[in-house]
Amino acid sequence: MTLPQTVPFLGWSWNDLLFLVLATALLGTALMVVLGRNIIRSGLWMIACFATLAGVYALLGTPLVAAAQVLVYIGAISVLILFAIMLTQTKGGPAALVFHHQAWAAAIAAVVLGTLLALVVTSTEWPLAGEYAATSVRAIAQLLFSDYVLPFEIVGVLLLAAVIGGVFLAKRDEPRDEPHGERPE
Amino acid sequence: MSQSLDSYLALSALLFAVGTFGFLARRNAIAMLMSIELMLNAVNLAIVAFGAFVPSLRGDASVIALVVMAVAAAEATVGLAIVIAIYRNRRTPLVDEYTQMRE
């Protein structure tokens, strides 16, 4: 069974429909992350947001980046953040006040920033931009291990440093520091 | 629409703005870190979009996006470790109660 060339009744191409669906889902889930009252639900919406973004990467013809998005963000960072949420849950459940008192100013700033950025990028002529084309995994691999081999190694060292730093920062202090933990609130 | 660079860049700009709002407005330190992740993702989307549409950047953009992802993972590790260390000390994840340096 083959799909028709365009979406029935609408006349769009399938990629346009996919882009619209993914863009709506991406912004919707991002808003749920930011606006949700319950922080665990925010974390779960963030996983959905990362998954949608992986879909956008696949639509852009970079399957390797999409796979890395799923592995790194959904597989590692989301789990890390969910664990951190569970470690820092206060007994009284989610805080009554989710936002600062100055959240309205932040909202104005974000709306202005978003419209400004969107206007600027859409009104700019990109002279080098050509036709859309997919990126082959082979080309990425050859670049990664020839031109970009030094950044690749540096990233490896950075990840090692981050692991050591994370363990050092998150490990419990020695018992001699215990009296400090009981300072009056 | 899916064949134009502008639509992807506009999507990336809007995602970045959502992340900015979350970072500025949320009180929970972990929610702020999640907003930073949203902003990093928005930038990554812009990089990959340029890579898909600019022929001279085709492979490079993907490599840079992968590097950004690795740096984001390192940032999340250290950031969350700092948040947990502060939480252990102050017993709250809300940043507006971290007033010790002001007092």
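The paragraphs below lead through a predicted model of two chains, A and B, from the helices of chain A to the shared core and the aromatic pairs.

Because the model is predicted, local features need pLDDT of at least 70 and side-chain atom pairs count only at pLDDT 80 or more, while totals for chains, interfaces and linings use all residues. Residues are numbered from 1 along each chain as its sequence is written, chains are lettered from A and ligands numbered from 1 in the order in which they are written, and side-chain values use heavy atoms, with hydrogens and water left out.

Chain A has 7 helices and 0 strands, where helices (H or I, at least four residues) and strands (E, at least two) are DSSP runs numbered from the N terminus. Read from that end, its elements run α-α-α-α-α-α-α. Of the 185 residues in chain A, 29% are buried; the term buried stands for under 20% relative accessible area, exposed for over 50% and partly exposed for what lies in between, with a 1.4 Å probe and protein chains only. The accessible surface of the chain comes to about 11800 Å², and 71% of that area belongs to carbon and sulfur atoms, as computed by the Shrake-Rupley method with a 1.4 Å probe, only the protein chains shown counting as cover for residues. Among the contacts in chain A (heavy atoms within 4.5 Å) with a separation of 6 or more, 55% join residues 24 or more positions apart.

The helices can be taken in order. With 22 residues, α1(A) reaches 31 Å from its first C-alpha to its last, close to the 32 Å expected at 1.5 Å a residue; the expected span is 1.5 Å times one less than the number of residues. Its buried residues include A:Asp16, A:Phe19, A:Leu22 and A:Val34, and what covers the buried residues of α1(A) includes α2 of chain A together with α1 and α2 of chain B. The next helix, α2(A), has 21 residues and reaches 30 Å, close to the expected 30 Å. Buried positions in α2(A) include A:Ile39, A:Cys49, A:Phe50 and A:Tyr57, with a cover that includes α1 and α3 of chain A as well as α1, α2 and α3 of chain B.

For α3(A), the 25 residues should span 36 Å, and the end C-alpha atoms are 34 Å apart, which agrees. This helix nevertheless has a kink of about 30° centred on A:Ser78, the bend at a residue being the angle between axes fitted to the seven residues ending there and the seven starting there. A:Ser78 is itself one of the buried residues of α3(A), which also include A:Val65, A:Tyr73 and A:Ile81, and their cover includes α2 of chain A together with α2 and α3 of chain B.

What do these helices build together with chain B? The largest nonpolar core has 64 residues, and those with the most contacts inside it are A:Tyr57, A:Leu60, A:Ile81, B:Tyr8, B:Ile30 and B:Leu45; such a core is a set of buried Ala, Val, Leu, Ile, Met, Phe, Trp, Tyr and Cys residues joined through side-chain atoms within 4.5 Å. At least two residues of this core come from each of α1, α2, α3, α4 and α5 of chain A and from each of α1, α2 and α3 of chain B. The helix that gives the most is α2(B), with 13 residues. Leaving aside neighbours within four places in sequence, A:Tyr57 is in contact with residues of both chains, including A:Val65, A:Gln69, B:Leu45 and B:Met69.

Two threonines also have contacts across the chains. A:Thr88, in the loop between α3 (63–87) and α4 (103–123) of chain A, is buried, with a relative accessible area of 4%. Beyond its neighbours within four places in sequence, A:Thr88 is in contact with B:Ile30, B:Ile84, B:Tyr87 and B:Pro93. B:Thr20, in helix α1 of chain B, is buried at 13% and touches A:Leu113 and B:Met39, not counting residues up to four places away in sequence.

Finally, the aromatic pairs come to 7 over all chains, where rings of Phe, Tyr and Trp (its six-membered ring) pair if their centres lie within 6.5 Å, and planes under 30 degrees apart count as stacked, over 60 as edge-to-face and the rest as tilted. A:Phe99 and B:Phe21 form a tilted pair, 5.8 Å centre to centre with 50° between the planes. Because A:Phe99 lies in the loop between α3 and α4 of chain A and B:Phe21 in helix α1 of chain B, the pair joins two chains. The rings of A:Phe145 and A:Phe152 have centres 4.9 Å apart and planes at 70°, so this pair is edge-to-face. A:Phe145 is exposed, at 53% relative accessible area, whereas A:Phe152 counts as partly exposed at 34%. Ring pairs also link A:Phe19, A:Tyr132, B:Tyr8 and B:Phe53 into a cluster.
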